[in-house]
Amino acid sequence: MAHVGATIDNPLAGESLTFVATCEDGSATLVCDIATVAGAPGPPEHMHPSSSELFEVQEGAITVEVDGVLHVLESGQSFTVQAGMAHKFASHPELDGRTRVTFDVPGRIEDQLVTFSELARAGRLSAEGRPSMQQVAVTFSQLTRDTRATVAPWAAQRALFAVLAPIGRLRGLKPFYAWGELN
């Protein structure tokens, strides 16, 4: 779904993401350059069970929070979030940024990134940038080894997905969308 050089925008997250290396194009890692607008919230707290995530700030600054500790990263600095660690990242409150992000074991993370940007582009996210619970269930039931939310225990999420994902699929929701697929 993602190819080297492709750029996707997520206006709700204040991000523009350009793919530098993708699994779709044969890379073992996923590498993205993410341009962020000052004060943009970034994604909610999550974790990647199988992949570490390396943030390398090329311009400006971002914030990365791991285990309640906030790290401010400025141009030239890097930070690795180890696999299995709950984290969130966001734009610096006062500075735009450009950050290279590398996933060492990406699984379907590139499909997830394209899907949520496409949902935002098509107006299918809330004002806070969140999809419907049915869409979450349909998509995240396919990402169990790649990305997990941290808002509830994993067992509770799996139970919720078991109930809501079939309903979402019956309503025509797909786990992944290509860029430009939705109206």
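Trainee: The charged end of arginine 148 sits over a ring; which residue carries that ring?
Mentor: Good place to start, and keep in mind that this is a predicted model. The charged end of arginine 148 lies 4.0 Å from the centre of the ring in question. That ring belongs to tryptophan 154.

Trainee: And over which residue's ring does the charged end of arginine 121 sit?
Mentor: Here the charged end of arginine 121 is 5.7 Å from the ring centre. A charge has to be within 6 Å of the centre to count. The ring is that of tryptophan 179.

Trainee: Are the rings of phenylalanine 55 and phenylalanine 89 stacked, edge-to-face or tilted?
Mentor: Their centres are 5.1 Å apart, and the planes meet at 55°. Stacked needs planes under 30 degrees apart and edge-to-face needs over 60. Since 55° fits neither, the pair is tilted.

Trainee: How many residues apart in the chain are phenylalanine 55 and phenylalanine 89?
Mentor: Phenylalanine 55 belongs to strand 5 (residues 53-66), while phenylalanine 89 belongs to strand 8 (residues 87-91). The pair therefore links distant parts of the chain, with a separation of 34 residues.

Trainee: Is phenylalanine 89 buried or exposed?
Mentor: Buried means a relative accessible area under 20%. Its pair partner, phenylalanine 55, has 1% and is buried. Phenylalanine 89 has 10%, so it is also buried.

Trainee: Which helices hold phenylalanine 116 and phenylalanine 140?
Mentor: These two form another aromatic pair, tilted, with 5.7 Å from centre to centre and 45° between the planes. Both residues are buried. The pair ties together parts 24 residues apart in sequence, because phenylalanine 116 lies in helix 1 (residues 109-121) and phenylalanine 140 in helix 2 (residues 133-140).

Trainee: Stepping back, how many helices and strands are in the chain?
Mentor: Follow the sequence and you read β-β-β-β-β-β-β-β-β-α-α-β-α. In total, the chain has three helices and ten strands.

Trainee: What is the radius of gyration of the chain?
Mentor: The C-alpha trace spans about 45 × 35 × 35 Å along its principal axes. For 183 residues the globule rule gives 16 Å, and the chain comes close to that, so it is as compact as a globular protein of that length. The radius of gyration is 16 Å.

Trainee: Among contacts between residues at least 6 apart in sequence, what percentage join residues at least 24 apart?
Mentor: To set the scene, 43% of the 183 residues count as buried. For the contacts you ask about, the share joining residues at least 24 apart is 69%.

Conventions
Residues numbered from 1 in each chain as written. Predicted model: local features only at pLDDT ≥ 70, side-chain atom pairs only at ≥ 80, totals over all residues. Heavy atoms only, no water. Phe/Tyr/Trp six-rings, centres within 6.5 Å; stacked < 30°, edge-to-face > 60°. Helix = DSSP H or I, 4+ residues; strand = E, 2+ residues; numbered from the N terminus. Buried < 20%, exposed > 50% of the residue type's maximum accessible area, 1.4 Å probe, protein only. Lys NZ or Arg CZ within 6 Å of the ring centre and 35° of its normal. Rg over C-alpha atoms; globule rule 2.2 N^0.38 Å. Contact = heavy atoms within 4.5 Å.
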